[in-house]
Amino acid sequence: MNDQQLAALSSFREKFLGFDIDAIDREADGMLTAGVTVRQFLDTCMPIMAEVGERFEKGEYYLPHLVMAGEMFKTASRKIKGSVQAGESGPAIAEIVLGTPMGDIHDLGKDIFGVLAEASGFAVYNLGVDVPPEAFIARLEETGAAFLGLSSLLTTTFGTIEQIVALLDKKGLRKNTQVMLGGGATEQSLVEKLGVDFQTRDAYEGISFIKRLTDGEMKGGSA
Ligand code: B12
C-alpha cells in the first residue's frame, strides 16, 4: 500500500468511527483518488464493523449506531465498487443465484460479493434480502445456475438455510448445486451442520472457490 492510500484509508477510518456521516462521501472520493482497492477498503472496514457490532452487543451502542454504520458503509462501498473493472464480455463462466435468506435484511457484504463475482465473469442473479426458500429454488430451476450463494448475518437464519438445503434435495437439485454460505454469522462448522458445500467470511475466498470448481470442470476434472 502506498502513502496516499494509507492516508486516505486512515482519514476515512477516523471519520467513520466518529460517525461523521456527512464527511463519508468526500472521504470515499479521497479513497478513489488515492486508488484504494476494494480489498484495502474491506480490510479497513471489517474490523470497524466488527467493533460497532461488539459495542452494540455490550450495550454501549444502540440501533441508530448500526443504522449509521450501515449507511456509511453503503455510501463508501457504492463508490469503491464503481471502480471495480467489469468482467470480460462474452458468455458467463458460471451462474450464481445470490440472496440473504428470510428473516435477515443485511445486504452490504452480499452485494460486494455480487459485484466482485460479476467482475470475475460470473452471471449473478441477486434476489435481495429476506428471501423465502421457495424463491431461491424457483430461480435455480429457471436459470439452471450451478451455484447458490447465501449470505447470513443472523444466526436465526440457520433454520431457513436448512430448509433451503432440504428443498434442494426434494427437488432433485442438490447434486448439481454448489451451496455457498457467506456473511458474518457463519463459521466453518456450519458446512457439516447445515449440509452446505462451502463457507467463508471473505468475498474473495468465495470467488476463488467458484474459480477452482469451474476451472476443474473446464479441464474435465472434479474439485
Ligand atoms: C450494519 C449492521 C446492521 C444494518 C444492516 C444494513 C444493511 N443494509 O446491511 C442494520 C441497522 C439494518 C442492522 C439490523 C440488525 N442487526 Co445488524 N449489524 C450490522 C453490523 C454492524 C455490520 C454488518 C456488515 O455489513 N458488515 C460488513 C460486511 C461487508 O461484512 P459481511 O456481511 O460479513 O460480508 C463479507 C463476507 O462475509 C462476504 N460475504 C457476505 N455475504 C456473502 C455471501 C456469499 C455467498 C459469499 C461467498 C461471501 C459473502 O463478503 C463480504 C466481504 O468480504 C453487524 C456487526 C458485524 N460484526 O458484522 C451487525 C450484526 C450482524 N447485527 C446484529 C443484529 C442483532 C441486528 C438486529 C437484530 C438489531 C435489532 N435489534 O434490530 C437487526 C436485524 C434486522 C434483520 N431482520 O436483519 C448482530 C447479529 C447477531 C447474530 N449473530 O445473530 C450483529 C453481529 C451485531 C452484534 N454483534 O450484535 N444491522
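## Exercises on a predicted two-domain model

In this predicted model, a salt bridge joins the side chains of Lys79 and Asp25, with 3.2 Å from N to O.

**Exercise 1.** State which elements hold Lys79 and Asp25, and how many residues apart they are.

*Solution.* Begin with the geometry: the N to O distance of 3.2 Å is to be set against the cut-off of 4 Å between a side-chain nitrogen of Lys or Arg and a carboxyl oxygen of Asp or Glu. Next, place the partners: Lys79 belongs to helix α4, whereas Asp25 belongs to helix α2 (residues 24–34), and the two are 54 residues apart, so that the pair links distant parts of the chain. Finally, put the pair in context, since the structure holds nine salt bridges.

**Exercise 2.** Describe how domain 1 and domain 2 are laid out along the chain, and how far apart their centres are.

*Solution.* The domain assignment gives residues 3–82 to domain 1 and residues 95–218 to domain 2. Taken over C-alpha atoms, the centres of domain 1 and domain 2 are separated by 26 Å. To the contact, domain 1 contributes ten residues and domain 2 contributes nine residues.

**Exercise 3.** Characterise the area buried between domain 1 and domain 2, and say which residues of domain 1 lose the most.

*Solution.* The two domains bury about 790 Å² between them, and 76% of this lies on carbon and sulfur atoms. On the side of domain 1, the greatest losses to domain 2 fall on Arg39, Leu42 and Lys81, which together account for 55% of what that side buries.

**Exercise 4.** Identify the salt bridge found across the interface, and then classify the residues on the side of domain 1 that touches domain 2.

*Solution.* The rule finds one salt bridge across the interface of domain 1 and domain 2. Arg39 and Asp202 form a salt bridge in which the closest N and O atoms are 3.7 Å apart. Between the domains, one residue pair is counted in polar contact, with both residues at pLDDT 80 or more. On the side of domain 1 that touches domain 2, α3 (38–57) and α4 (63–82) are the elements giving two or more residues. The residues of that side comprise five nonpolar, two polar and three charged.

**Exercise 5.** Which protein atom is the donor to the cobalt atom of the ligand, and where in the chain does its residue lie?

*Solution.* The cobalt atom has a single donor from the protein, namely NE2 of His106, at 2.4 Å. His106 is located in the loop between β1 (95–99) and α5 (108–119).

Technical notes: Residues are numbered from 1 along each chain as its sequence is written. This is a predicted model: local features need pLDDT of at least 70, side-chain atom pairs count only at pLDDT 80 or more; totals for chains, interfaces and linings use all residues. Side-chain values use heavy atoms; hydrogens and water are left out. Domain bounds come from an automatic or database domain assignment. Contact means heavy atoms within 4.5 Å. Buried area is the accessible area (1.4 Å probe) that two parts lose on being put together, summed over both. A polar contact is a pair of N or O atoms within 3.5 Å; within protein, one must be able to donate a hydrogen and the other to accept it, and residues adjacent in sequence count only if both atoms are side-chain atoms. Helices (H or I, at least four residues) and strands (E, at least two) are DSSP runs, numbered from the N terminus. Ala, Val, Leu, Ile, Met, Phe, Trp, Tyr, Cys and Pro count as nonpolar, Asp, Glu, Lys and Arg as charged, and the others, Gly among them, as polar. Donors are N, O and S atoms within 2.8 Å of the metal (3.2 Å for Na, K and Ca); water is not among the atoms, so sites may look incomplete.
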